[in-house]
Amino acid sequence: MNEIILPLVLGFGFGWSLQKAGLTKYHKIVNVFRFTDLAVLKFMMTALAVAMVGVFALSTFGLITLPTVPATYVAGNLVGGLIFGVGMAGAGF
Amino acid sequence: MIALLKQKEWSPYLAGALLGVVYIASIAVSGIIPGASGAFENVAGLIAQAVSPALANNTYFKFVMPPGISWEVILLAGVFVGAFASAKLSGDFKLAAVPDEQWRKMFGNSIWKRWAIAFVGGIIIEYGAGIAGGCTSGLAVGGGLFLAPAAFIFMAGMFASGIPTAILMYGRKF
């Protein structure tokens, strides 16, 4: 499909779901690290589970080919995650 | 249906399911795992090329994150429109320099304090995402759905540093 319309539409759904889950708000993000509001995890894990079922169902029936899975390089993933967490909890993005 | 669209907040499970559908559609139609942090790097590369080509002349911008208006940049534009439409339709939209009540209660009304931390935090987030190879969307969810070890190592790191950061910022009120 169109290389411009498709990402725009997908992005629309992406932004819409983030806003509706309240993840555009500082307190929602920081409170997951305080364990007082787990909306971030509920949102992320639901998306992950739904996408996992859908993507693998489609690929099982041979309707799609799977994309390249994000590369695992333990030190990079871990150190990047450690840096990322400081910014996420500090700024609340 | 209209009432649902106008709701200020959805259950995170419903919103998460919608995001899951976005991932399925993206992977099925274009073969791309949606991510947010890469777009900033593509645009940063463009700016670097314009300001000082020598600055963009490195392995990272040449091979890992080529500068340009990539698919992800257009996706990000859609994210802004989608979030804006959602907020506007539900009456949740307002312009404010220090918008969050919890922030104001904890750290006061200072605009500079909020903006400085938001700015520095943004740099830290993008730097971390650059090293890890993605952020919460492209790596944690997008990798997690393939059970990629990278996603879970990243999330472990994110919480291992996010929790102490929150403890530091909130002190006894943690």
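**Exercise 1. The largest pocket**

Find which residues lie nearest the centre of the largest pocket, and describe its lining.

*Solution.*
Step 1. Of the 44 residues that line the largest pocket, Leu23(A), Thr24(A), Lys25(A), Gly92(A) and Phe93(A) lie nearest its centre. Please keep in mind as you work that this is a predicted model.

Step 2. Next comes the volume: the space in this largest pocket amounts to about 1,800 Å³.

Step 3. Now sort the lining of the largest pocket by class. There are 31 nonpolar, 7 polar and 6 charged residues.

**Exercise 2. The second largest pocket**

Work out the volume of the second largest pocket, and say which helices supply at least two residues each of its lining.

*Solution.*
Step 1. The volume of the second largest pocket comes to about 620 Å³.

Step 2. Its lining holds 28 residues, and those closest to the centre are Ile33(B), Met65(B), Glu72(B), Gly133(B) and Gly134(B).

Step 3. Turn to the helices. In chain B, at least two lining residues each come from helix 3, helix 5 (59-64), helix 8 and helix 9. Helix 3 of chain B gives the largest share, with 4 residues.

Step 4. Finish with the classes: the lining of the second largest pocket has 15 nonpolar, 11 polar and 2 charged residues.

**Exercise 3. A glutamate in helix 3**

Decide whether Glu41(B) is buried or exposed, and list the residues that Glu41(B) touches.

*Solution.*
Step 1. Place the residue: Glu41(B) sits in helix 3 of chain B, which runs over residues 37-51.

Step 2. Compare its relative accessible area with the cut-off. Glu41(B) has a value of 9%, and buried means under 20%. Glu41(B) is therefore buried.

Step 3. Look at its surroundings, leaving out residues up to four places away in sequence. Glu41(B) touches Tyr60(B), Phe61(B), Met65(B), Glu126(B), Ala129(B) and Gly130(B). Met65(B) also appears among the residues closest to the centre of the second largest pocket.

Step 4. For a long-range distance, take Gly91(B), which is 50 residues from Glu41(B) along the chain. The C-alpha atoms of the two are separated by 32 Å.

**Exercise 4. An isoleucine that touches chain A**

Which residues does Ile125(B) touch, once those up to four places away in sequence are set aside?

*Solution.*
Step 1. Start with the location: Ile125(B) belongs to helix 8 of chain B.

Step 2. Check the burial. The relative accessible area of Ile125(B) is 11%, and the cut-off for buried is under 20%, so Ile125(B) counts as buried.

Step 3. Read off the contacts: Ile125(B) touches Phe84(A), Gly87(A), Met88(A) and Phe93(A). You have met Phe93(A) before, as one of the residues nearest the centre of the largest pocket.

Step 4. Add a distance within chain B. Ser37(B) is 88 residues from Ile125(B) in sequence, while their C-alpha atoms are 8.7 Å apart in space.

**Exercise 5. A covered helix**

How many residues of helix 9 of chain B are buried, and what covers them?

*Solution.*
Step 1. Count the buried residues: helix 9 (residues 136-144) of chain B has 9 of its 9 residues buried. Among them are Thr136(B), Ser137(B), Leu139(B), Val141(B) and Gly144(B).

Step 2. Identify the cover from chain A. It includes helix 1 (5-20), helix 3 (39-60) and helix 4 (74-91).

Step 3. Do likewise for chain B, where the cover includes helix 2 (12-29), helix 8 (111-132) and helix 10 (149-170).

**Exercise 6. The two chains side by side**

Describe chain A and chain B by their helices, their burial and their exposed area.

*Solution.*
Step 1. List the elements. Chain A has 4 helices and 0 strands; chain B has 10 helices and 0 strands.

Step 2. Take the extents of the C-alpha traces along the principal axes. Chain A spans about 45 × 35 × 25 Å, and chain B about 45 × 40 × 35 Å.

Step 3. Test chain A against a compact globule of 93 residues. Such a globule would have a radius of gyration near 12 Å, whereas chain A has 16 Å.

Step 4. Fill in the remaining values.

| Chain | Residues buried | Exposed area | Carbon and sulfur share |
|---|---|---|---|
| A | 52% of 93 | about 4,000 Å² | 76% |
| B | 44% of 174 | about 8,900 Å² | 71% |

Step 5. Close with contacts between residues 6 or more apart in sequence. Those joining residues 24 or more positions apart account for 37% in chain A and 51% in chain B.

Technical notes: Residues are numbered from 1 along each chain as its sequence is written. Chains are lettered from A and ligands numbered from 1 in the order in which they are written. This is a predicted model: local features need pLDDT of at least 70, side-chain atom pairs count only at pLDDT 80 or more; totals for chains, interfaces and linings use all residues. Side-chain values use heavy atoms; hydrogens and water are left out. The radius of gyration is taken over C-alpha atoms; the globule rule is 2.2 Å times the number of residues to the power 0.38. Buried means under 20% relative accessible area, exposed over 50%, partly exposed in between (1.4 Å probe, protein chains only). Contact means heavy atoms within 4.5 Å. Accessible areas come from the Shrake-Rupley method with a 1.4 Å probe; for residues, only the protein chains shown count as cover. On a 1 Å grid over the protein atoms alone, a cavity is a set of points where a 1.4 Å probe fits but cannot get out, and a pocket is an open set with protein on both sides within 12 Å along at least five of seven lines; lining residues have an atom within 4 Å of a point. Grid points are joined across faces, edges and corners, and a volume is the space filled by probe spheres set on the points. Ala, Val, Leu, Ile, Met, Phe, Trp, Tyr, Cys and Pro count as nonpolar, Asp, Glu, Lys and Arg as charged, and the others, Gly among them, as polar.
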